There are 2 protein chains.
Amino acid sequence: MSRTLTHEPAEKVLPAAREESSATKGGRLDPLFRARSVALVGASTRVDCVGRQILDNLLAFGYRGRIYPVNPKATEIRGLRCYPSVRAIEEAPELAVLVVPRAAVLPVVGDCLARGVNGLVVITGGFRELDAEGARLESELRQRAAGAGIPLLGPNCMGLFNADPDVRLDLTFSPVPPRPGHIAFLSHSGALAAWVLTQAQTTGLGFSLFASLGNEAGITHRDALEYAAADPLTRVIVLYLETFEEPQAFLRVARRVTRAKPVVCLKGGRTETGARAASSHTGALATSSRAFEAVLRQSGVVLVDTTEEMLNVALGFSRLPLPRGRRVRLLTNAGGPGVLATDQLVRRGLELPSLSPERQAELREFVTPRAPVVNPVDLTVEGTPLMYGSAARLLLDDEATDALFVLFVEPPRVAGPEVLRELQQAISGATKPVVAAFPAQDELRRQAPEGNFALIDYPESAAAVLGALAEYADWKKRPLGRRRCFRVNRALVAKLIAKAHSIGRSVLDPEESLTVLRAYGIPVARYALVRTRAELERRARRVGFPLALKVVSPEILHKTEVGGVILNIAHQTELKKEYRRLTERLQAQGLARQLRGVLLQEMVNRDRELILGFRRDAQGTPLLLVGLGGILVEALEAVTVRVLPVTDQDVREMLREMPGARMLGAFRGLRPVAKATLEESLLRLAQLAEDFPGIGEIDVNPFVVSEERLACKAVDARILLRS
Amino acid sequence: MSRTLTHEPAEKVLPAAREESSATKGGRLDPLFRARSVALVGASTRVDCVGRQILDNLLAFGYRGRIYPVNPKATEIRGLRCYPSVRAIEEAPELAVLVVPRAAVLPVVGDCLARGVNGLVVITGGFRELDAEGARLESELRQRAAGAGIPLLGPNCMGLFNADPDVRLDLTFSPVPPRPGHIAFLSHSGALAAWVLTQAQTTGLGFSLFASLGNEAGITHRDALEYAAADPLTRVIVLYLETFEEPQAFLRVARRVTRAKPVVCLKGGRTETGARAASSHTGALATSSRAFEAVLRQSGVVLVDTTEEMLNVALGFSRLPLPRGRRVRLLTNAGGPGVLATDQLVRRGLELPSLSPERQAELREFVTPRAPVVNPVDLTVEGTPLMYGSAARLLLDDEATDALFVLFVEPPRVAGPEVLRELQQAISGATKPVVAAFPAQDELRRQAPEGNFALIDYPESAAAVLGALAEYADWKKRPLGRRRCFRVNRALVAKLIAKAHSIGRSVLDPEESLTVLRAYGIPVARYALVRTRAELERRARRVGFPLALKVVSPEILHKTEVGGVILNIAHQTELKKEYRRLTERLQAQGLARQLRGVLLQEMVNRDRELILGFRRDAQGTPLLLVGLGGILVEALEAVTVRVLPVTDQDVREMLREMPGARMLGAFRGLRPVAKATLEESLLRLAQLAEDFPGIGEIDVNPFVVSEERLACKAVDARILLRS
């Protein structure tokens, strides 16, 4: 079962889609983000409209390029010459930004293409998200840009900005200017960006790039992600997504990007009602939240649950080096907040090991007598700014420290700003991350050090930031794994599927399903199909006693409910008797005509049962799943999933994170199961699903597992075909 | 099975412990919180110490009573006459506050008692949390106060305050003065209180009472909880707990308090590492987090997970009326934040029903064309302050609105303060809660309306506030339920337990355990114990075929692992054969001597299996549990628990919230199970555990459930006795 045809690195087997890799090649999006000249079509003399605000922002942010306002009703706006149309501009502007009524968009695009612009940003809304006519216009817009081979951002978006000092391009209509920094923010919601920029004024967040993705008629979040990955000023990429229509394409791109830079993702519309709200606003399709969460795990993207967590984590990544390990030192003057931070750090997988006796002795020399110095180091209400500085230095110097966590609450006569100053000196030059939580008001936040230091409002939020850093640091060390390609009997499966199709059946019965699994090298319990009474004895000999007898009928899905399963038949006599009773029972219930036969199957030890499965979500995204077996799985939904394709590393992680995973280890006197066999079976199942797009669903339930490699096998299975 | 001896309201059967009910009777804590005169022992002339800061705070907050600084080395501090000792004060001060070295505490307490003070606050630390000598001193301190019959707060605490305009007593050393308001904050951490008071300066939080509980040598969080419940200015009580040593006592008090006022609780030390950190700081014992969470659910206390959530929820309760139902109207000018808020509202159990066509038409008259008005109502970037005001009025007037949720992010030229002003007018007089999320900086927060309005920083956090309000509103409507007392055969159980004790056994075998269950009216599968081969046939006839054969031995806990269970035995011949094989196998394994006998048991339909159980956590707190049955329960920990005593209502809720609960309803072609039988069995199990404190653990696994009342029964059970 371990013969493998190929053993290729995942990157090779997961080829980048062509459209994505070309996005950054030669800076395909440079005409958007680094345009040397911009035509603003719809620039307005009226101060209360979007076309004017964009012009104001362009000027206020200190754009390094040339600006061409276009407005047939004006000759000059804010001291700039105004053009009646794009065609009238003396040079071909590199980028055109459209803030015109919907009906005017396509004619203006015609002008732009005629004049030779290299990029388009369409702010105007009222397309796919509004009505059928909008969808038609959007489709034409997309085709025009694609035909000309130029990038298009929007429509229905809030523009973009690039804070690179060589560019300083702000094409948004945000009333708040971006603070320059190292966060690239890519968003399906312009309003959320406005929220973020407002918060940034006091929280220390700084941005390198921003793109409001709108309806994604042209460039998608994947294109923008790749562009930001290549941008030298960007240290962390933050995504706000409301649609997630091509999870597999995202997986290909994101797995590559996260090798280089952290990606943080917040998703709107994860509940059904939320998705409906999103749809009214960007015309998004509902996404399976399972597929979404699986893809993020598979691609090392840090999932955040709230806007606030998104901003805190972005601040952390934009300022701090990654920790080398999970050992945190906590320095505080506040007991309770220290306890709350500890709880949260531990929940996020971090550790708070005790300080060595030597370090404790060093601390004892200058802290308050009786202050706890094991970890947390609690300076107590008597802690001074100088003690903070000295303790921070000492803890950062300790080689068993991977990250420093500082808490401070104002005791009498010790001011936050003084503590910040001492900390700033102590951490300068440190290569370990320093996260701090102070009860931070705007004034104090503004005084926080700019360097390797992230100041967060609350102990628990700060702990979450350190958790995200550690999670990503682990991901970077984690191998991507390899896809495996096994030698299988593909032809047999093709034949079985074709046969089912030819007679209009969309469900393979258990015997057929087990045969398909066997053809793909997945171990199955010995079985034999018995069509007539005459075959019974011979087939039973082949399977061996004790055995189980199961009714086989495409119409009877839940066999146990019709009494169609008899277990533990010990010998031929008993078998004959049970066979007779079964057929009589089915006749009595009027089900005999649907009977295809009965399945004889070896009895196996079912101490530990799993379900291995394959599903497609509502969008057709292929999902591999594993969980505890038996019917209770349905009640608990205790499975874990991955989007195909998967690597061996992905499958190993599924088995680690599966609810109830500890049952696979030493459990209630049983020894750990043969993991390698289980992993390989999952990989073979994945290969089966990928080889046959006509398969809609596979249930292997139960797949029994055991410490014995040879005792791991599928006992029952069901395959559904797509119609 | 439904015969019931008594049917008493829970209040009657859950008597308040004497110490709690006496806490508020006649305002036992008034000498602390409403003292008319205070002796401050340890008042200092040096400005940089706690004893001076307290005096400064007393003066700054405008204390209405008389202040007596006590310090033998001074004659006057801040213009007040200073006394050499408490005995030297001309009147008996109502309250004495001690800020003296540990060694001086007991002598000073002696002075205070001699002078006739009525209350003590001991700020001084270094007691139980520090060392054995401290524990001894603390114990003596406790006895002195108890002996004198006066309330003691502390030691090792940060004092208290009462913001009642008639009192204005601030005995803390917080550098930040409390903003008066309606929140009572009771905290095991003084530093957290300092954090909270700092944040309150900009977030609109206002306080009625504060108590730093310290080591709880005298008054406990339960006493303070009852006092705050009776305080007329307090609208919400917020608890920060690090210890939780008497869950049952808390349950008694909190169930009563939450009928009148909301209680919000944050707990530090819920992880093991966190508990260790807490222990170094208050000398707390580790608490079972299961018991903690169960008690909060049973008593209607709102559990929060972070400091920030605690403050947001407290703000909500202190300002807003409770919603009558779960129907929320969302008013926004920002799509993305609206989607995120919707997700979070739905997760918190709220609903966003569509507006009626009439209401939509009314909105259409003044909002931007194309603006979505179904719910969310999205004013879009064109929304004006006036539109906010009009829409808020209209939505609040709609009888199908239970709460209004407002989001706002600054578009060009629309300022937050103007929107706040319009909202303020719109909501004045409204009796429905209004929660708002703006990207709020300190400046804007200060301009938020004071009335029925809670301004929160982020959409998701604001949704959590509304969720907490709705949860508590539901709790107030929920019946407390009744305890039931069934007629049982208590004597038989007492005899069995005594017998086991007499021969030094601490485990009742399955046959004994089933007998105990039967004595308490819990249905069990028919069974018979067979001690000798001679009894086999007769006993089997009594049980009936098919039956199961199970080994009974106190030493063999996991029967399946020694092959000690044979199922589906069809007739006497087979039974004899299997009996012989079993005894031979046990002999071969050297286990035959431990055999007490074999159990014959009717075969039952095990489609749906539960575990019903009873446990004590490390502190001895009695817990009732229910979950899915079978061995996988252990791997999944898929059970739900309650602390005893329980009411019928508690048990109903356990069955609703149990992981996999939907398996109790219509499930995979099976009909809903006989819930009443299951509920009664759980209540009878609880009665058993309460009647016999000598029982340490009960496992009823499996308890099979079915649509047929008579088919619900225990199949296997095990009872452990405490040694």
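Cys485(A) is partly exposed, with a relative accessible area of 29%, whereas Cys712(B) is buried, at a relative accessible area of 0%. Both values come from a predicted model. The structure holds zero disulfides over all chains, so no pair of cysteine sulfur atoms lies within the 2.5 Å that the definition requires.

From these two residues the reader can turn to the interface of the chains. Here 90 residues of chain B are in contact with 90 residues of chain A, and the area buried between chain B and chain A is about 7,400 Å², with carbon and sulfur atoms giving 62% of that area. In chain B, the residues that lose the most area to chain A are Trp195(B), Tyr458(B) and Arg668(B), which together make up 11% of what that side buries.

As for specific pairs across the interface of chain B and chain A, the rule finds zero salt bridges, while it finds eleven residue pairs in polar contact, both residues being at pLDDT 80 or more. The elements that give two or more residues to the side of chain B that touches chain A include the helices H7 (190-203), H10 (272-282), H12 (307-319) and H18 (459-477) of chain B, together with strand S14 (263-267) of chain B. Helix H13 (335-347) of chain B is also one of these elements, and H13(B) supplies the largest share of that side, nine residues. By residue class, the side of chain B that touches chain A divides into 44 nonpolar, 26 polar and 20 charged residues.

Key: Residues are numbered from 1 along each chain as its sequence is written. Chains are lettered from A and ligands numbered from 1 in the order in which they are written. This is a predicted model: local features need pLDDT of at least 70, side-chain atom pairs count only at pLDDT 80 or more; totals for chains, interfaces and linings use all residues. Side-chain values use heavy atoms; hydrogens and water are left out. Buried means under 20% relative accessible area, exposed over 50%, partly exposed in between (1.4 Å probe, protein chains only). Contact means heavy atoms within 4.5 Å. Buried area is the accessible area (1.4 Å probe) that two parts lose on being put together, summed over both. A salt bridge is a side-chain nitrogen of Lys or Arg within 4 Å of a carboxyl oxygen of Asp or Glu. A polar contact is a pair of N or O atoms within 3.5 Å; within protein, one must be able to donate a hydrogen and the other to accept it, and residues adjacent in sequence count only if both atoms are side-chain atoms. Helices (H or I, at least four residues) and strands (E, at least two) are DSSP runs, numbered from the N terminus. Ala, Val, Leu, Ile, Met, Phe, Trp, Tyr, Cys and Pro count as nonpolar, Asp, Glu, Lys and Arg as charged, and the others, Gly among them, as polar.
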